[in-house]
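I opened the notebook today to look up a few local features of one model. My entries follow in the order in which I checked them.

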Amino acid sequence: MRILVIEDEPKVARALQQGLEDESYGVTLAQTGEEGYFLLTSQRYDLAIIDVMLPGRDGFEILEAVRRQGCRTPAIMLTARDALEDRVRGLDLGADDYLVKPFAFPELSARVRALLRRSQPQPPALLSLLDLEIDPVARCGRRGGKPLDLTPREYELLEYLLRHQGRIVSREMLTRDIWKEPVRHTPLDNVIDVHMVRLRRKVDEGCAVRLLHTVRGVGFTLKAGHP
Ligand code: CA
């Protein structure tokens, strides 16, 4: 994890660097707003700690300028006083958190950890029903831990059914949302039925609990137990 510290007071800057390095972060120090701006817009950091009171361009100006450039690096502002307007201004300009000087290092460290945690991409949510699950990012499915050998269309159908689990999915819905056709028609009904037969075989064959059911005259439903 790389952290950029923009702070002009050497003592504070050194203390921050030392403390963060002791916690195994890689730290870059910038002593002026200009330098900080240049580094933030040209290098990749996981987080920036920006002092508000800087010579030349202050921390607010730096933050505003880098946000305008599209830089989304999480930022903690260090304000000299607990002035409400400073906090509001920082947050309005796109700061993610702020800390009032003087602060205790463990508090900064906790804020850094919290912010880094929040900014890490979350693992993709799996969709599941009992022991059936799919991964919408990898576009694959498993039943009872065993991979399902699905065609792209079957995968789409299964994801759609899982997103509507417990509800009835009609042929009209499948025509519109999966096959992207404006109106339902008999040849397509037959295609849908063929896909459903194959999908049911892949999902349910050999399993004690059937999940994919036909609701006669209406459509299909994915649920544990009887439709
Ligand atoms: Ca300062």
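Is D8 buried or exposed, or does it fall in between? I keep in mind that I am reading a predicted model, and in it D8 comes out as partly exposed, with a relative accessible area of 25%.

Entry on the calcium ion. I started from D8 since it is one of the protein donors of the calcium ion, which are D8 (OD), E9 (OE), D51 (OD) and M53 (O), lying 2.1 to 2.8 Å from the ion. Written along the sequence, the spacing of these donor residues reads D-E-x41-D-x1-M. I looked up E9 as well and found that E9 is partly exposed, at a relative accessible area of 36%. I note for myself that water is not among the atoms, so the site may look incomplete.

Entry on two helices. I recall that a pair of packed helices is described by the angle between their axes and by the distance between those axes. For helix α6 (residues 152-163) and helix α8 (residues 186-204) I read an angle of about 75°, with the axes 10 Å apart. Angles of 65 to 115 degrees count as roughly perpendicular, and α6 and α8 are therefore roughly perpendicular to each other. On the α6 side the contact is made by R153, E154, L157, L158 and L161, while α8 brings in H195, M196, R198, L199, K202 and V203. Sorted by character, the residues of this contact divide into six nonpolar, one polar and four charged.

Entry on the backbone. Before listing what I found, I remind myself that most residues other than glycine have a negative phi, and that most peptide bonds are trans. The peptide bond from K101 to P102 is cis, with omega near -5°, and I located P102 in the loop between β5 (97-100) and α5 (105-119).

Where does L130 lie? I found L130 in the loop between β6 (127-129) and β7 (132-135), and although L130 is not a glycine, its phi is positive at about 50°. L130 counts as exposed, at 56% relative accessibility, because the cut-off for exposed is over 50%.

I then turned to K180, a residue other than glycine whose phi is positive, near 55°. K180 is found in the loop between α7 (171-177) and α8, the latter being the helix that packs with α6 in my earlier entry. With a relative accessible area of 62%, K180 is exposed.

Conventions: Residues numbered from 1 in each chain as written. Predicted model: local features only at pLDDT ≥ 70, side-chain atom pairs only at ≥ 80, totals over all residues. Heavy atoms only, no water. Donors = N, O, S within 2.8 Å, 3.2 Å for Na, K, Ca; no water. Buried < 20%, exposed > 50% of the residue type's maximum accessible area, 1.4 Å probe, protein only. Axes fitted to C-alpha atoms, helices over the stretch in contact; angles between N-to-C directions. Helix = DSSP H or I, 4+ residues; strand = E, 2+ residues; numbered from the N terminus. Parallel < 35°, antiparallel > 145°, perpendicular 65-115°, else oblique. Contact = heavy atoms within 4.5 Å. Nonpolar A, V, L, I, M, F, W, Y, C, P; charged D, E, K, R; others polar.
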